[in-house]
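These are my notebook entries on a structure I went through at the desk. I set down each item as I looked it up.

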2 protein chains.
Amino acid sequence: MDVTIYEVAQRAGVSIATVSRTLRGTGPVASKTREKVLKAVEELNFTPSRLGVSLAEGRHAANGIVFPNLSGPYYTEVLLGYEEVASELGRSVLILSTTGRTRVRDLVKDLAGRVDGLLIFGHTAPDDVIAELIQVGMPLVFVSREPLAGADTLRAENTASARLLAEHLALHGYERFAFLGAPLVTGDDVDERWQGVRSVLGAAIEAVPTGHYTVDDGHQAALRLLRSGDRPRAIICSDDEVALGALLAAEELGLAVPDDVAVTGWDDIMAARHARPALTTIRQPMRELGARAARALDELITAARSTPNHLTLTTELVIRASCGHHPQEEPR
Amino acid sequence: MDVTIYEVAQRAGVSIATVSRTLRGTGPVASKTREKVLKAVEELNFTPSRLGVSLAEGRHAANGIVFPNLSGPYYTEVLLGYEEVASELGRSVLILSTTGRTRVRDLVKDLAGRVDGLLIFGHTAPDDVIAELIQVGMPLVFVSREPLAGADTLRAENTASARLLAEHLALHGYERFAFLGAPLVTGDDVDERWQGVRSVLGAAIEAVPTGHYTVDDGHQAALRLLRSGDRPRAIICSDDEVALGALLAAEELGLAVPDDVAVTGWDDIMAARHARPALTTIRQPMRELGARAARALDELITAARSTPNHLTLTTELVIRASCGHHPQEEPR
DNA sequence: TTGTAAGCGTTATCAG
DNA sequence: CTGATAACGCTTACAA
């Protein structure tokens with residue numbers, strides 16, 4: 001990309017203003033002139049410099065997204081939904097992964113300087129940068145986090161479905177529960193799930209931490225949990241990956257799921273259906289979260305909307321085999 | 001981000017050149033002046049406009065990456081390795097996902113206009129755009145593709161390990177094989193794997209297509225394959241995800257792995273170790289591929305190097321349970 | 001040590 | 001309809 005609008009103008013025998021007008025369709029251009037210009041553009045294989053355009057237009061035509069990592073389908077799916085819609089809207093997407101990173105503050109600020117708007121997962125960005133960004137009016141949408149003034153927040157419903165799940169498990173007659181993948185910060189998705197199940201299970205459930213929310217960490221934590229003296233009758237996991245890890249641990253210890261210990265997940269990632277036994281879980285529209293975030297950002301950026309939106313998408317309890325036997329599945 | 005270098009200069013009572021010098025550490029600045037400038041910067045909370053900087057510097061300080069999708073760990077891992085190193089080198093990364101996209105040509109060109117260099121997976125970008133990009137001297141590194149003039153290519157070794165794997169399976173005494181996940185384009189990783197195994201197995205192996213290289217598609221294809229009259233004794237899969245799908249299919253049909261049918265994968269993703277039975281596979285340094293690509297691009301961009309490199313990283317045959325019983329594992 | 005001014009590549013206003 | 005020309009926000013010779 002080396003040829004500039006000046007060369008095109010010169011070759012076409014017109015001014016750069018005319019070239020610009022022709023290419024963007026803004027303002028009138030005589031059809032003979034237009035032809036000359038297009039011909040020159042063609043011959044020179046001219047593409048307007050993004051930098052020049054952006055500087056003049058005063059916008060990047062790009063969105064950012066900050067996530068912890070990409071282990072497992074959750075962030076990945078949201079990311080893809082986001083990128084697809086952003087792309088439709090003519091915006092590129094810049095990514096920033098924060099786990100294992102030092103100076104996240106600076107990275108986020110730098111990213112913010114390159115885009116017109118940002119999707120931020122949960123609490124992956126330091127509060128003070130967020131405050132700064134809101135302060136300067138940068139369009140922001142948070143996914144998987146409690147509402148926040150000055151920015152959009154978007155999440156899938158957690159508490160109600162957590163209750164639904166807890167109640168379903170209680171109906172199985174289980175009495176001791178564990179919540180594997182204890183919340184790390186208050187106000188994010190996992191915390192809401194925990195609050196939800198605890199609100200119905202009360203003292204019968206205890207929170208067990210896992211480190212990260214990965215298959216591996218779930219596996220390790222479940223191993224410890226299941227080996228302990230009084231193991232729970234049912235393990236409600238923070239998400240499907242942790243649950244997959246729990247399934248592994250149970251198998252390793254020779255425990256049958258759901259007969260010895262029931263296990264449930266969250267998200268309904270593809271592997272949940274394929275797991276053995278298939279995971280009872282809560283389906284959450286990951287792709288749509290990303291897509292909606294991109295659209296919300298677009299509204300904010302184009303100033304089609306100025307007041308923040310706080311949206312909660314509905315989820316669905318998906319009952320499969322891992323939570324216990326159900327009459328309709330096992331006719332007597 | 002609204003305050004410009006002019007306001008800082010004014011407030012500090014100096015020229016914009018001095019502000020720039022102070023901030024970038026280029027050229028001399030009296031320490032008293034420096035202090036005044038830094039104070040003004042602080043008070044105004046000034047951050048140089050990325051667009052301004054890039055336009056003046058003549059570089060984006062950003063890299064792009066184009067991949068088909070993010071289903072499964074392979075692209076994801078490479079992406080993360082890439083982003084991490086790019087970030088260390090002070091470059092942001094812009095992504096472009098191509099599956100299900102129309103006008104990939106335009107998307108790639110647009111992306112190219114926003115970055116200093118591009119990592120492109122296999123054959124995800126149309127040949128003519130690639131030719132154009134090489135033509136204009138855009139730094140390019142291809143991952144998982146056969147060498148190409150005018151750009152770096154980077155891949156993990158395929159053919160030799162494919163032979164190794166095939167020979168190992170032959171030692172088990174198997175006679176009929178299938179390669180699940182037939183190559184879609186010639187010259188990419190999967191094609192090399194196929195060529196490798198076929199070179200030792202000859203007519204004893206047949207290629208079976210899967211659509212995409214996903215768990216689901218592998219599952220479906222394996223189901224058809226295993227139901228057919230003369231099912232193969234061993235299934236060599238194009239990658240771990242397809243293999244995971246094959247495992248599912250075998251289980252569904254009541255076939256024991258490896259006793260009724262052996263299955264192998266490729267990549268050694270995390271799930272391969274956790275699968276039941278654990279997958280025999282070829283370990284490939286995905287993260288490192290991404291990291292190296294970022295460094296290679298940096299060399300090309302900074303003109304530290306001008307001749308293309310074509311690098312092949314070594315892989316490792318990881319023998320686990322899914323390919324058959326081994327003496328050392330099962331002492332008589 | 002500091003300031004002036006010429007780029008960098010567009011867009012868009014305002015006269016013709 | 002078209003062309004000067006002033007932004008846009010910075011970097012960097014070149015002078016002083």
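In which helix of chain A is A243(A) found? I located A243(A) in helix 11, residues 240–252 of chain A. I note at the outset that the model is a predicted one.

**Entry: A243(A)**

I looked up the exposure of A243(A) and found a relative accessible area of 0%, so the residue is buried. I then listed what A243(A) touches, leaving aside residues up to four places away in sequence: C237(A), V263(A), T264(A), G265(A) and L279(A). For R11(A), I recorded a C-alpha to C-alpha distance of 65 Å from A243(A), with their positions 232 residues apart in sequence.

**Entry: the annotated domain**

I consulted UniProt, where an unreviewed entry lists residues 3–57 of chain A as "domain: HTH lacI-type". In the model I found this span to be 71% helix and 0% strand. The C-alpha atoms at the ends of residues 3–57 of chain A are 20 Å apart.

**Entry: the two chains**

I compared the copies next. A turn of 180° with a shift of 0.1 Å along the axis lays chain B on chain A, with an RMSD of 0.1 Å. The two copies are therefore related as by a two-fold rotation axis. Looking for the C-alpha of chain B nearest that axis, I found the one of L94(B), at 2.2 Å. I also checked the interface: 100% of the interface residues of chain B are interface residues in chain A as well, so the copies meet through the same surface.

**Entry: nonpolar cores**

Which residues have the most contacts inside the largest nonpolar core? I noted L180(A) and L180(B), in a core of 123 residues. I followed L180(A) outward, again without residues up to four places away in sequence, and its contacts include V208(A), L225(A), I235(A), I236(A), V242(A) and A246(A). C237(A) is also among the residues that L180(A) touches, and I had already listed C237(A) as a contact of A243(A). Apart from the largest core I recorded another, of 39 residues. Among its members are M138(A) from one chain and L96(B), V104(B) and V108(B) from the other.

**Entry: aromatic rings**

I counted eight aromatic pairs over all chains. For Y74(A) and Y75(A), I read a distance of 5.0 Å between ring centres and an angle of 70° between planes, so I entered the pair as edge-to-face. Y74(A) has a relative accessible area of 9% and is buried. For F179(B) and W194(B), the centres are 5.5 Å apart and the planes are at 50°, so this pair is tilted. The F179(B) and W194(B) pair links distant parts of the chain, 15 residues apart: F179(B) is in strand 6 (residues 177–180) and W194(B) in helix 9 (residues 189–201) of chain B. Both F179(B) and W194(B) are buried. I also noted one aromatic cluster, formed by Y74(A), Y75(A) and F121(A).

I then looked for charges over rings. In chain A, the charged end of R145(A) sits over the ring of F142(A), 5.1 Å from its centre. In chain B, I found the charged end of R145(B) over the ring of F142(B), 5.1 Å from its centre.

**Entry: backbone**

Most peptide bonds are trans, and most residues other than glycine have a negative phi. I therefore listed some departures from this general pattern.

A cis peptide bond joins R276(A) and P277(A), with omega about -5°. I placed P277(A) in the loop between helix 12 (270–274) and strand 10 (281–283) of chain A. In chain B I recorded a cis peptide bond between V257(B) and P258(B), with omega about 10°. P258(B) belongs to the loop between helix 11 (240–252) and strand 9 (262–264) of chain B.

Where is N45(B), and what is its phi? I found N45(B) in the loop between helix 3 (31–44) and helix 4 (50–57) of chain B, and its phi is positive, near 55°. N45(B) is partly exposed, at a relative accessible area of 38%.

Is S144(B), with its phi near 65°, buried or exposed? S144(B) counts as buried, at 10% relative accessibility. I placed S144(B) in the loop between strand 4 (140–143) and strand 5 (152–156) of chain B.

How values were computed:
Residues are numbered from 1 along each chain as its sequence is written. Chains are lettered from A and ligands numbered from 1 in the order in which they are written. This is a predicted model: local features need pLDDT of at least 70, side-chain atom pairs count only at pLDDT 80 or more; totals for chains, interfaces and linings use all residues. Side-chain values use heavy atoms; hydrogens and water are left out. Copies are superposed by least squares on the C-alpha atoms of residues with pLDDT of at least 70 in both. Contact means heavy atoms within 4.5 Å. Rings of Phe, Tyr and Trp (its six-membered ring) pair if their centres lie within 6.5 Å; planes under 30 degrees apart count as stacked, over 60 as edge-to-face and the rest as tilted. Buried means under 20% relative accessible area, exposed over 50%, partly exposed in between (1.4 Å probe, protein chains only). Helices (H or I, at least four residues) and strands (E, at least two) are DSSP runs, numbered from the N terminus. A charge sits over a ring if NZ of Lys or CZ of Arg is within 6 Å of the ring centre and within 35 degrees of the ring normal. A nonpolar core is a set of buried Ala, Val, Leu, Ile, Met, Phe, Trp, Tyr and Cys residues joined through side-chain atoms within 4.5 Å. UniProt positions are given in the numbering used here, feature names are shortened, and annotations may be inferred rather than shown by experiment.
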